[in-house]
Amino acid sequence: MKTLTFLIIVIVSGFLAGLVHSFLNIALVEPYLDNAIGIENQRLFAQGQAQDNSQFWKQFSDYRIWQKQGSIVAGAILGTATGALFGLVFAYSRNALPGQNDVQKALVLAGIMWAVLYFIPFLKYPANPPTVGEPDTVTFRALTYVAFVALSSLGALGFSRIYKKLENKKFLAFLGYAVFMSIVFFVMPQNPDPIKVPSELINGFRTISAVTVTISWLTNAIILGWLWKKFQPDSVTTRT
Amino acid sequence: MVQTSQITKTHAVPIIAVVALLALFGMGYFMVGFDQGQLFSIVQGHAAYTQMNGVGYLHEMTHDMRHASGFPCH
Ligand SMILES: [Zn+2]
């Protein structure tokens, strides 16, 4: 294995996918976030915690510009992070993955990891726009979310070993994971927070946020698969 | 003298690369998904939890992406 080449293509593909996510987020998701934060501001005014005046709005708009710039950096960081795990798992699983070439193999793995790390947890704990979450429950919600993602990941890892061992009836591994996750799904506690914003806002936000996360996984897979094919970090030329 | 070259495929990932990528994942996932000041508190102490409008700096900076990526927030 050409270690440096491997690390560079993994990090570059994750970083670029993260940037794609960042810009899609600015264009598509931010309007929903602004909408939700607008509701939050109205509540602050109604409760007397802030004054509806030009000074407030000036500060607020500067702060939101800073946060949106921050979200671009955050997208790049998150993309690099998930891309690192994706590249590592790809290196280990490439030979076992179905597909004619590295791009197809990477897309198959991205589909699995997207479901395991993101979408199945999303079905249990769907994303919410600002103002829905109670500050008092944030630690509880973070712990349950991490626990759910960890159980989903460990389950996938365990059943992928069974998948490799099964000579035929390989679908049993998928079935096993599905049964395991159904149990986890029903055993894990619900998100305790009541939803107090319009359902169009919630549903629109959830849909578009899931679309952008999904596109970023696809982007990561296509770039990594393409770079892998081009640079072949796992092949070593030895002269004899 | 005849030279031949042989291409062999190795999928053994060096341990250093495994450690580096897992660390990168853990760090970035935590920063964007969950940090409330923990990371900066290593240097800044308790102030890191409230330095930005009463909450952690990284929480505020990554805030929009945290919501948009499905992590729990406010
Ligand atoms: Zn929030």
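**Exercise 1. Work out whether B:His74 is buried, partly exposed or exposed in this predicted model, then do likewise for B:His67.**

Step 1. Start with B:His74, which has a relative accessible area of 22%.

Step 2. Buried means under 20% and exposed means over 50%, with partly exposed in between. So B:His74 is partly exposed at its 22%.

Step 3. Now take B:His67: its relative accessible area is just 1%, so this histidine is buried.

**Exercise 2. Describe the zinc site: which atoms coordinate the ion, what is the geometry, and what spacing do the donors follow along the chain?**

Step 1. List the donors. B:His63 and B:His67 each offer NE2, B:Cys73 brings SG, and B:His74 uses ND1. Their distances to the zinc ion run from 2.0 to 2.3 Å.

Step 2. Check the angles. Among the 4 donor atoms they span 96 to 130°. Four donors count as tetrahedral if all angles lie between 85 and 135 degrees, so the zinc site is tetrahedral.

Step 3. Read the donors off along the chain, and you get H-x3-H-x5-C-H.

**Exercise 3. Place B:Thr62 in chain B, decide whether B:Thr62 is buried or exposed, and find what B:Thr62 touches.**

Step 1. Look between helix H3 (57–61) and helix H4 (63–68) of chain B: B:Thr62 sits in that loop.

Step 2. The relative accessibility of B:Thr62 is 0%, so this threonine counts as buried.

Step 3. Leave out residues up to four places away in sequence, and the contacts of B:Thr62 are A:Ala74, B:Met31 and B:Val32.

**Exercise 4. Sketch chain B as a whole: what is its pattern of elements, and how much of the chain is buried?**

Step 1. Count the elements: 4 helices and 1 strand. Along the sequence they come as β-α-α-α-α.

Step 2. Chain B has 74 residues, and 43% of them are buried.

Step 3. Turn to the surface. Chain B has about 3,800 Å² accessible, and carbon and sulfur atoms hold 69% of that.

Step 4. Finish with contacts. Of those in chain B with a separation of 6 or more, 31% join residues 24 or more positions apart.

**Exercise 5. Hop over to chain A: which helix holds A:Leu175, and which residues form the nonpolar surface patch with A:Leu175?**

Step 1. A:Leu175 belongs to helix H5, residues 171–187 of chain A.

Step 2. At 47% relative accessibility, A:Leu175 is partly exposed.

Step 3. The patch joins A:Leu175 with A:Phe171, A:Leu172, A:Val179, A:Ile183 and A:Val187. Together these residues have about 590 Å² of accessible area.

Technical notes
Residues are numbered from 1 along each chain as its sequence is written. Chains are lettered from A and ligands numbered from 1 in the order in which they are written. This is a predicted model: local features need pLDDT of at least 70, side-chain atom pairs count only at pLDDT 80 or more; totals for chains, interfaces and linings use all residues. Side-chain values use heavy atoms; hydrogens and water are left out. Patches are made of residues with over 30% relative accessible area and no salt bridge: like charges are joined within 9 Å, nonpolar side chains (Val, Leu, Ile, Met, Phe, Trp, Tyr) within 5 Å. Accessible areas come from the Shrake-Rupley method with a 1.4 Å probe; for residues, only the protein chains shown count as cover. A salt bridge is a side-chain nitrogen of Lys or Arg within 4 Å of a carboxyl oxygen of Asp or Glu. Helices (H or I, at least four residues) and strands (E, at least two) are DSSP runs, numbered from the N terminus. Buried means under 20% relative accessible area, exposed over 50%, partly exposed in between (1.4 Å probe, protein chains only). Donors are N, O and S atoms within 2.8 Å of the metal (3.2 Å for Na, K and Ca); water is not among the atoms, so sites may look incomplete. Four donors count as tetrahedral if all angles lie between 85 and 135 degrees; four count as square planar and six as octahedral if opposite donors are over 155 degrees apart and all others between 65 and 115; anything else is irregular. Contact means heavy atoms within 4.5 Å.
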